[in-house]
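Here's a quick briefing to read with the structure open in front of you. Have a look first, then work through the points by topic.

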Amino acid sequence: MIDYLQPDFYRFNQDSLELVGLVKRELSAAQSILDLGAGCGVIGIELARVFCPEHLSLVEVQPEYRAFLLKNSEVFLNAQVEREIFISSFSEFRATRSYDLIVCNPPYYLPGHGQESSDFRRRVARSFLADSWVELLKCVEVNLAENGKAYLVIKNDGTLLEHVNRHLKSSGLDSRWTLNEDLAFLRLTLNSSLPRSLSRY
């Protein structure tokens with residue numbers, strides 16, 4: 001595994017790598033990849049190393065990650081892969097393209113849940129303080145290509161799963177879960193029978 005540069009206040013864990021492994025097993029190609037909540041870029045960059053897409057977009061709300069995203073993409077990405085880095089929330093992200101693969105390891109905790117850190121940057125990485133599940137699902141729906149697929153990994157927690165499923169019902173996305181003891185993997189595709197949610201754009 002490549003030694004990614006990461007900030008001291010928050011480091012990715014095995015969950016991100018398990019998501020990479022799942023996508024690699026289920027897909028054989030991706031020409032455009034969007035990594036939402038990219039952190040240091042490990043999920044998007046690792047998948048770009050496998051699929052050699054035309055384009056990779058890395059979206060991260062915390063500006064502290066910009067230098068790490070720049071350096072990691074510079075060092076570990078094939079020069080032929082066009083890449084863009086956006087310091088943006090899900091709600092403010094504006095793409096000029098659609099993506100046939102979207103990946104995300106979002107914050108695991110809802111506000112007021114989980115162990116709170118005294119470091120605000122770490123709290124943003126662990127909890128939905130800058131955005132919400134509504135905004136994340138809307139971002140996926142708006143930016144996913146017609147035949148594209150999105151993959152997310154979250155903590156296998158009953159309260160969190162119930163919260164996400166409630167918002168999925170009002171989205172234009174079809175969903176499928178795979179659960180293990182610790183993690184929940186969510187696959188999303190566009191529901192072709194429903195109009196796409198473009199109200200914010």
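What follows covers the sheet, the helices packed on it, and the salt bridges.

Keep in mind that this is a predicted model. At its heart for this briefing is an open sheet of 7 strands with mixed pairing. Two helices that pack on the sheet get a closer look, helix 2 and helix 5. Then come the salt bridges, of which a search of the whole structure turns up 4.

**The sheet**

- Reading across the open sheet, the strand order is 3-2-1-4-5-7-6.
- Strand 3 (82-87) and strand 6 (173-179) sit at the edges with a single partner strand each, so one side of each has no neighbour in the sheet.
- From one strand to the next, the twist averages 15°.
- Strand 6 runs antiparallel to strand 7 (residues 183-190), and 7 bridges join the two.
- Within that pairing, Thr178 stands opposite Phe185 in strand 7.

**Helices on the sheet**

- Helix 2 (residues 42-51) packs on the sheet and touches strand 1 (32-36), strand 2 (55-60) and strand 4 (99-104).
- The direction of helix 2 makes about 165° with that of strand 1.
- Helix 5 (residues 133-143) also packs on the sheet, where it touches strand 1, strand 4, strand 5 (144-155), strand 6 and strand 7.
- For helix 5, the angle to the direction of strand 5 is about 150°.

**A closer look at helix 2**

- Helix 2 is largely enclosed by the rest of the structure, because 8 of its 10 residues are buried.
- Those buried residues are Val42, Ile43, Gly44, Ile45, Glu46, Leu47, Ala48 and Phe51.
- Their cover includes helix 1 (14-26), helix 3 (66-76) and three strands already met on the sheet: strand 1, strand 2 and strand 4.
- Right after helix 2 comes Cys52, which has a positive phi, near 45°.

**Salt bridge within helix 2**

- Arg49 forms a salt bridge with Glu46, and the closest N and O atoms are 3.5 Å apart.
- Both residues lie in helix 2, 3 residues apart, which is about one turn of the helix.
- As a reminder, an α-helix has 3.6 residues a turn, so residues three or four places apart point the same way.
- Is each partner buried or partly exposed? Glu46 is buried, at a relative accessible area of 15%, while Arg49 counts as partly exposed at 41% relative accessibility.

**Salt bridge from helix 1 to strand 7**

- Glu26 pairs with Arg187 in a salt bridge whose closest N and O atoms are 2.7 Å apart.
- This pair links distant parts of the chain, with Glu26 in helix 1 and Arg187 in strand 7, 161 residues apart.
- Arg187 is buried, with a relative accessible area of 10%, whereas Glu26 is partly exposed at 33% relative accessibility.

**Salt bridge at strand 3**

- Arg97 and Glu82 form another salt bridge, with 3.6 Å between the closest N and O atoms.
- Glu82 lies in strand 3 and Arg97 in the loop between strand 3 and strand 4, so the pair ties together parts that are 15 residues apart in sequence.
- Arg97 counts as partly exposed at 31% relative accessibility, and Glu82 counts as partly exposed at 43%.

Note on methods. Residues numbered from 1 in each chain as written. Predicted model: local features only at pLDDT ≥ 70, side-chain atom pairs only at ≥ 80, totals over all residues. Heavy atoms only, no water. Pairing = 2+ DSSP bridges. Helix = DSSP H or I, 4+ residues; strand = E, 2+ residues; numbered from the N terminus. Axes fitted to C-alpha atoms, helices over the stretch in contact; angles between N-to-C directions. Contact = heavy atoms within 4.5 Å. Buried < 20%, exposed > 50% of the residue type's maximum accessible area, 1.4 Å probe, protein only. Salt bridge = Lys/Arg side-chain N within 4 Å of Asp/Glu carboxyl O.
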